[in-house]
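Work through the three exercises below with the sequence and the model open. Try each task before reading its solution.

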Amino acid sequence: MINSLYIRISFGEPDNHAAPVTVGYRYDNLQAAGQEHFGSQSPVYISNTVADGFQLAIESITFEDGSTWTGSSPLTPLPAPGFISSLGVYGETFIQEVHKLKAISCMNLPTDREEFWYCACGNVNTSDAAHCINCGFPKDVIFKLRDPAYLKECKQIADAEQKRMEEEKEAERQKKQQAELEGRQRRKKRLIRLAVIFCILIFAFSIGLLSHKVIYPNYRYHKALSYMEQGNYADAQSIFEGLGDYKDSGKLNMEAKYGYAGFLAENGEYDAALACYKELEGYKDVLERITSVYYNMADSYVEHGNYSEALKIYQDLGNYEDSEERIPATKYLMANAAMESHDYETAYGLYSELSDYKDVPDRMNECSYQYAGLLLEQGKYQEAIDQYKKVYHYKDSAQLQDVAKFNIAKKLFEEKNYEECYAALDGLKKSLKDLDGGMDMYMECCYQVGLYYLKIGDTVDGLGYFRFIFYNEDYKEHYTDLLEKEMYDKIAEDKWDKAALMRMALPDDYQDPALDEEFYIAGKRIYNSFYTWTASSVFEYLASIDYKDSRTWLRRIRQEQDEMEQRVS
């Protein structure tokens, strides 16, 4: 790779007597590799403006590896390439063949000069280059294209193709000309045929007009009469309607439509029959027939279970036939269907309108019972309770009502709303043992509510709940352990007043003298620390079991509390 190059340019004077003028120039930082060009964008400026020629010599070349080449011989011009015009008539063929392979600008013939060769694009390549470094054309291919024998063959093929195309073009022109001639002849024949056809049409129109006005209408009229006799009112009506005012077609059209409406009604096509009858309003007994169709339509609705539509029609018909009697019967069927589809509210509403029709009272009880059961399954317990109250003595409604109430209590228990849960369970005392987990939940609520009252200092209510718990031997041991643990937790927190309340709530047979002594010591310590109210709770428990002089301590504390309250007031 070339890094830099130094050249010297020599200019001879016009009189050729003076010494030549020389100019040196260096190309630096080239980084030029083999087959690369450089220098075309870097002009060399000279001060000699009268020189009529110059010589160029490369004096040194510095390569990438630091090596240097030196010289002084002037450069000589390269021999020119061959000209395309030297091919004569094949010059254009050469250019065409090149363009078939690659779109390049052909400047000259490819020419081999032993040490280098010219490409058709005009670029100079080294003798060992297999492709042109400018356009990339392969050397062997480009030189093959300049062969006169090859070009002659190519020209003959091109000339033959050109001749073929011209012959095809001429044949197409003659074919088009022949087609135009034949077209003119066909148009002439067509005009003649049209004239003949026109004359025939005029004749036929005259005959057809006679048939249309006289013969054909008469034929259709009698055809429609035949249809009427056969009971084919639809086709008869269609013909009479098409005949317009021919003879009495208008009157017969109404008669055919009347018959067709009756046919539709007999075959259960009530909507279509009503549409026909309504077009004949005022004709014969159409109004009565419309009423009859509605009645039969309602019966069909009942038969197919569409009770709501049937009911509307019976109500609109009033006292026609037995419509009034069919109204409660349809409501009864409608209510039964609602029951079967579990639409108990609709069913109950319909039964309520029927009073004591058939077995309606029993069905109303069953409806409320089933509806309550559905509400119970859906978790709508209060609504279920309201429904069970309506049928309290029906089947096992009373027991299921308790189940619904118990489920409400369970929900309150899950929410840790123990006081309301206790109130709900308290109303179920008689059936708690029959409800799965009922007594366990009830006792747990008693414990939690009692514990709450003790913690807030409501001794009376709190002790009442625990007395109830310990009255039941099945739960006494379990809740004694729980309350004992709560008591010791309060002692550990140094909350002796709360612990004393819990000790008071424990069963009467719970004995622990050592613990009582701890309460006694703690009570005095608390009193001496001036926590009078806290000490009061401790000695209140100790006085209740008449422990040592606790009663004396309690009187002293209460006296001090009274004096303190008097001073405050």
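The exercises cover a small set of strands and two surface patches in this predicted model.

**Exercise 1.** Give the strand order of the open sheet of three strands, and find which strands stand at its edges.

Solution.
1. The order in this open sheet is β5-β6-β7, and the pairing is antiparallel.
2. Strands β5 (111–112) and β7 (124–126) each have a single partner strand, so one side of each has no neighbour in the sheet; these two are the edges.
3. Strand β6 covers residues 116–118 and pairs with β7 over three bridges, in the antiparallel sense.
4. Across this pairing, Y118 stands opposite V124 of β7.
5. As background, strands in a sheet pair through backbone hydrogen bonds, in either a parallel or an antiparallel way.

**Exercise 2.** Locate L191, classify it as buried or exposed, and name the patch residues.

Solution.
1. Helix α3, which spans residues 148–230, contains L191.
2. The relative accessible area of L191 is 59%. The cut-off for exposed is over 50%, so L191 counts as exposed.
3. Together with L194 and I197, L191 makes a nonpolar surface patch of about 300 Å².

**Exercise 3.** Do the same for E383: find its helix, its exposure class and the patch to which it belongs.

Solution.
1. E383 is part of helix α12, residues 381–390.
2. Its relative accessibility is 40%. Partly exposed lies between the limits of 20% and 50%, so E383 falls in that class.
3. The patch is negative, and D343, E345 and D386 form it along with E383.

Notes: Residues are numbered from 1 along each chain as its sequence is written. This is a predicted model: local features need pLDDT of at least 70, side-chain atom pairs count only at pLDDT 80 or more; totals for chains, interfaces and linings use all residues. Side-chain values use heavy atoms; hydrogens and water are left out. Patches are made of residues with over 30% relative accessible area and no salt bridge: like charges are joined within 9 Å, nonpolar side chains (Val, Leu, Ile, Met, Phe, Trp, Tyr) within 5 Å. Accessible areas come from the Shrake-Rupley method with a 1.4 Å probe; for residues, only the protein chains shown count as cover. A salt bridge is a side-chain nitrogen of Lys or Arg within 4 Å of a carboxyl oxygen of Asp or Glu. Lys and Arg count as positive and Asp and Glu as negative; His and the chain ends are not counted. The place of a charge is taken as NZ of Lys, CZ of Arg, CG of Asp or CD of Glu. Helices (H or I, at least four residues) and strands (E, at least two) are DSSP runs, numbered from the N terminus. Buried means under 20% relative accessible area, exposed over 50%, partly exposed in between (1.4 Å probe, protein chains only). Two strands pair if DSSP finds at least two bridges between them.
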